[in-house]
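Reader: I have a structure open in front of me and would like to learn how to read it. Could you walk me through some features, one at a time?

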Amino acid sequence: MISVPNYIEKLAPYVPGKPIEETQREYQLKKVIKLASNENPLGPSPRAIRAIQSVHTELHRYPDSSAFSLKTALAKKEQVQSGQIILGNGSNEVIDQIIRTYCVPGDAIATYQYSFIAYRICAQIHGVHTLEAGVDAQLSMSVDELVDLVRKNERVKVVFVAQPNNPTGQYLKKLEFEKLLKDLSLIRGGSVLIVIDHAYAEYVSAPDFVNPQSYLSTYPQLMILKTFSKVYGLAGLRVGYGVASADIIVQMEKVRQPFNINSLGMLAAEQALEDFEFVQKSVKMNALGMKFWEEKLTELEISFWKSQGNFLLAQFSKELGVLGFDVYQKCLQQGLILRPVHNYGLPHALRITIGTPEENEWAVEKFAAVCKDLRK
Ligand SMILES: *Cc1c(COP(=O)(O)O)cnc(C)c1O
């Protein structure tokens, strides 16, 4: 057999949300609703759809590798220079680019326990370790713990913090966030890259949540990740980006694959950025749907963590021994796809993406019946 490095042999690949068609086929169901991947339930931005309908005749051309037009639009939006933006095939690819640029095998990244799993997977692919700062029972993150971890481990080259985090929905409040940036920036002469993953930026409503973008000019080692997969509704086209100092982007651009963003994605993303109406509508609908789920879960006496994203993490009673995966499987049989999170180390939890009002109504009914059944 051809040997592979030990870290590849041991790698547990990313498990995506179960696709609708697969569920229909396996369970022989007509109606299937997917609330499993934090996608925008309203579909893609209408402006983005219109834009890509017009370019089919140009698909024989390679895309613009410099992404001049999209980068110009993003620079305007983020109030930075074009040279401060790197594009990725989804922000997942930017995570990969970061590790390829800044780490060698044997190095480490640091993050919080129950963080977005892509950090760990991308690190392991490159033989890079993941160190995790623990969180408390409420899943709150402690700044000192993460800072200590980074300080004590010289091989930590990059820190990843999702604000808010997926799957927990938690975030660092303004003062804590500022302390995190300040303390991390002082470690090893400011040589640790600090990555703030802001995938759910548009959904956040908490008044003590700060926009990480305002700290870019103060911290040259800060990088912010964003994506078109969530509120813009373009998960299928794979476009994400990172914003950082030009010094960081110059290095990362060397590592980027030349045509990593395809023509359709580039065009759709640029148009979606201008679709304020769609974003506003999506955010509003999400807030109402979140409230609806919070109320229903309370009625069902199922605990959950308050979330700043377009998803919610429900926690089943450990005493009753209900596992998230059991609820997931029973819901699947009813045509409702939710997201188990045992691979994150949360066996009693289940992540629910907020849907449209109709989807939420339908899903709650199925979900409630399953929960009642499992409690008997
Ligand atoms: C969904 C998500 C992303 C986005 O991934 P893409 O590759 O852009 O689709 C990034 N970070 C977090 C925390 C997410 O939940």
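Reader: Why does the distance between the end C-alpha atoms of helix H5 agree with its 12 residues?

Author: A word on the source before that: this is a predicted model, in which local features need pLDDT of at least 70 and side-chain atom pairs count only at pLDDT 80 or more, while totals for chains, interfaces and linings use all residues. Residues are numbered from 1 along each chain as its sequence is written, and side-chain values use heavy atoms, with hydrogens and water left out. Helices (H or I, at least four residues) and strands (E, at least two) are DSSP runs, numbered from the N terminus. The expected span of a helix is 1.5 Å times one less than its number of residues. For H5, residues 91-102, that gives 16 Å, and the end C-alpha atoms are 17 Å apart, so the two agree.

Reader: Which residues of H5 are buried?

Author: Buried means under 20% relative accessible area, exposed over 50%, and partly exposed in between (1.4 Å probe, protein chains only). In H5 the buried residues are Ser91, Glu93, Val94, Ile95, Asp96, Gln97, Ile98 and Ile99.

Reader: Which residues surround the ligand?

Author: A residue is near a molecule if one of its heavy atoms lies within 4 Å of it. Around the ligand you will find Gly90, Ser91, Asn92, Phe116, Asn166, Asp197, Ala199, Tyr200, Thr227, Ser229, Lys230 and Arg238.

Reader: How should I read the polar contacts of the ligand?

Author: A polar contact is a pair of N or O atoms within 3.5 Å; within protein, one must be able to donate a hydrogen and the other to accept it, and residues adjacent in sequence count only if both atoms are side-chain atoms. Here, a polar side-chain atom of Asp197 sits 2.6 Å from a ligand nitrogen. The side chain of Tyr200 places a polar atom 2.6 Å from a ligand oxygen, and an N or O atom in the side chain of Ser229 is 2.6 Å from an oxygen of the ligand. On its own the ligand has 390 Å² of accessible area, and the protein covers 93% of that; such areas come from the Shrake-Rupley method with a 1.4 Å probe, and for residues only the protein chains shown count as cover.

Reader: Is Ser54 buried or exposed?

Author: Ser54 counts as exposed because its relative accessibility is 55%. Look for Ser54 in the loop between helix H3 (46-53) and helix H4 (68-78). A polar atom of its side chain lies 2.7 Å from the backbone oxygen of Ala51.

Reader: And what does Asp183 touch?

Author: Contact means heavy atoms within 4.5 Å. Leaving aside neighbours within four places in sequence, Asp183 is in contact with Asp144 and Val147. Asp183 belongs to helix H8 (residues 174-185) and is buried, at 16% relative accessible area. Its side chain also makes a polar contact of 2.7 Å with the side chain of Lys179.

Reader: Why is there no bond between Cys103 and Cys122?

Author: A disulfide is a covalent bond between the sulfur atoms of two cysteines. The rule used here asks for a pair of cysteine sulfur atoms within 2.5 Å. The sulfur of Cys103 has its closest cysteine sulfur in Cys122, 11 Å away, which is too far for a bond. By this rule the count is zero disulfides. Cys103 is buried at 10% relative accessible area, and Cys122 is buried at 8%.
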